[in-house]
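Here is a quick walk through a protein model, meant to be read with the structure open beside you. Grab your viewer and follow along.

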Amino acid sequence: MSRTTVLEPGLTTSESPFIEQAQQRGQLYISQPYELYSDENHEAWRKLYSRMLPRWERYANEHFLEGIGKLCLDPNRVPKLDEVNKFLRPLTGFQAKAVSGYIPAFLFFDCLRNREFPTTITIRRSDKLDYLPEPDIFHDIAGHVPMHTDKHFAETLVRFGECAHTAADLVSGIRDPETRIHCLTSIIRAMARFFWFTIEFGLMRGRDGLKVYGSGLLSSHGEIAHAIEAPEVQRYPIQLEWAINQAFEIDRYQPLLFVVDSFDHLFSLVDQLEGWLKAGKLNNVAPGEPGVNEEDLKSFLRRG
Ligand SMILES: [Fe+2]
């Protein structure tokens, strides 16, 4: 008797039936069905981790390197979120929370306010390690979460979340619907840009020169070296007014990166961002990327 071969589905980026079904049900927050990871998924993690390790040692800031140690990640297996959280939660109260994919802007920032980090559970294909159409668990757990073990950095993320609430309060007081949408679009764009140029692609000046703390760089084998070494990259001390008005493109190495002095410095910039938000300075930032979609706007207007 012949049997139909059931191919192991795995939890591969853009190829996972489990994720597709969750998305069809409109389910944003999910569990991590660990048994679904295929051997290829674990192989992708092993390859990604082993080739990043020497680059982290060379280019990453000290808080990240300490964080990697504190999380006790297994170099050979995709991490279990529950286990990561066991090490993470006692340090800063943060925890990784499994999601099915894109999270609208307000919900994302609100998670940060609650010390939850929306975490993708799929992983890129093992034969296309440099191709990343969307965030994956390597970006989220190996790139972001080690930073969440640092108290100052964790407080900065919480402040981002508080800014989103301040923004929602502010725009709810704007009576004219057209003006409300215009201002909200601009505010979300400004926040997304600031997040991009710090949390995702930030550099920090330290005792041993320039180091990386941005998670987009910390999870990219090619770009982490490019960010520090390439002579053509523009690296400037961060200016808030510049970052919030600066468009960026996501599908290329970043030609412009901003440098902070410390996480205290970064925290003070988020404070300043909230001050500018209240003063109305974010209501008309320069147009351009990133786009702000309908779901992002709705999430702020509904606060959820
Ligand atoms: Fe990210």
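What follows goes from the whole chain to its sheet, two helix pairs and two backbone oddities.

## The whole chain

First things first: this is a predicted model. The protein chain has 13 helices and 6 strands. If you boxed up its C-alpha atoms along the principal axes, you'd need roughly 70 × 50 × 40 Å.

How does the radius of gyration fit with a compact globule? For 304 residues, such a globule would come out near 19 Å, and the protein chain has 19 Å, so the two agree.

## The four-stranded sheet

Now to the strands. An open sheet is built from 4 of them, lined up as β4-β3-β6-β5, with mixed pairing. At the edges sit β4 (209-212) and β5 (234-237), each of which pairs on one side only. Direction ignored, neighbouring strands in this sheet are turned by 35° against each other on average.

Let's go across it pair by pair. β3 and β4 are antiparallel partners, held in register by 4 bridges, and a hairpin of 2 residues takes the chain from β3 to β4. To find this pairing on screen, look for Gly-206, whose bridge partner in β4 is Gly-209. On to the next pair: strand β3 (residues 203-206) runs parallel to strand β6 (residues 256-260), with 2 bridges between them. Here Leu-203 has Val-259 of β6 as its bridge partner. Finally, β5 and β6 also run parallel, joined by 4 bridges. In that pairing, Arg-235 stands opposite Leu-257 in β6.

## Helices α5 and α7

Two packed helices are described by the angle between their axes and the distance between those axes. So what are the values for α5 and α7? Helix α5 (residues 105-113) packs on helix α7 (residues 151-172) at an angle of about 130°, and their axes are 7 Å apart. That angle makes α5 oblique to α7, because it is over 115 degrees but not over 145. The crossing of α5 past α7 is left-handed.

Which residues meet here? From α5 come Phe-106, Phe-109, Asp-110, Leu-112 and Arg-113. Facing them, α7 supplies Leu-157, Val-158, Phe-160, Gly-161, Glu-162, Ala-164, His-165 and Ala-168. Sorted by class, this α5 and α7 contact has 8 nonpolar, 2 polar and 3 charged residues.

## Helices α8 and α13

Another helix pair is worth a look. Helix α8 (residues 177-200) and helix α13 (residues 294-302) pack with their axes 10 Å apart, at an angle of about 105°. That puts α8 roughly perpendicular to α13, because the angle falls in the range from 65 to 115 degrees.

On the α8 side, the contact is made by Ile-181, Leu-184, Thr-185 and Ile-188. On the α13 side, Asp-296, Leu-297 and Phe-300 do the job. By class, the contact of α8 with α13 has 5 nonpolar residues, 1 polar and 1 charged.

## Two backbone oddities

Most residues other than glycine have a negative phi, and most peptide bonds are trans. Two spots in this chain are worth checking with that in mind.

Where is the cis peptide bond? It joins Glu-289 and Pro-290, and its omega is about 0°. Pro-290 belongs to the loop between α12 (263-279) and α13. The other spot is Cys-72, a residue other than glycine with a positive phi, near 50°. You'll find Cys-72 in the loop that lies between α3 (62-71) and α4 (81-92).

Note on methods: Residues numbered from 1 in each chain as written. Predicted model: local features only at pLDDT ≥ 70, side-chain atom pairs only at ≥ 80, totals over all residues. Axes fitted to C-alpha atoms, helices over the stretch in contact; angles between N-to-C directions. Parallel < 35°, antiparallel > 145°, perpendicular 65-115°, else oblique. Left-handed = near helix turned anticlockwise from the far one by under 90°. Contact = placed C-beta atoms within 7 Å. Nonpolar A, V, L, I, M, F, W, Y, C, P; charged D, E, K, R; others polar. Pairing = 2+ DSSP bridges. Rg over C-alpha atoms; globule rule 2.2 N^0.38 Å.
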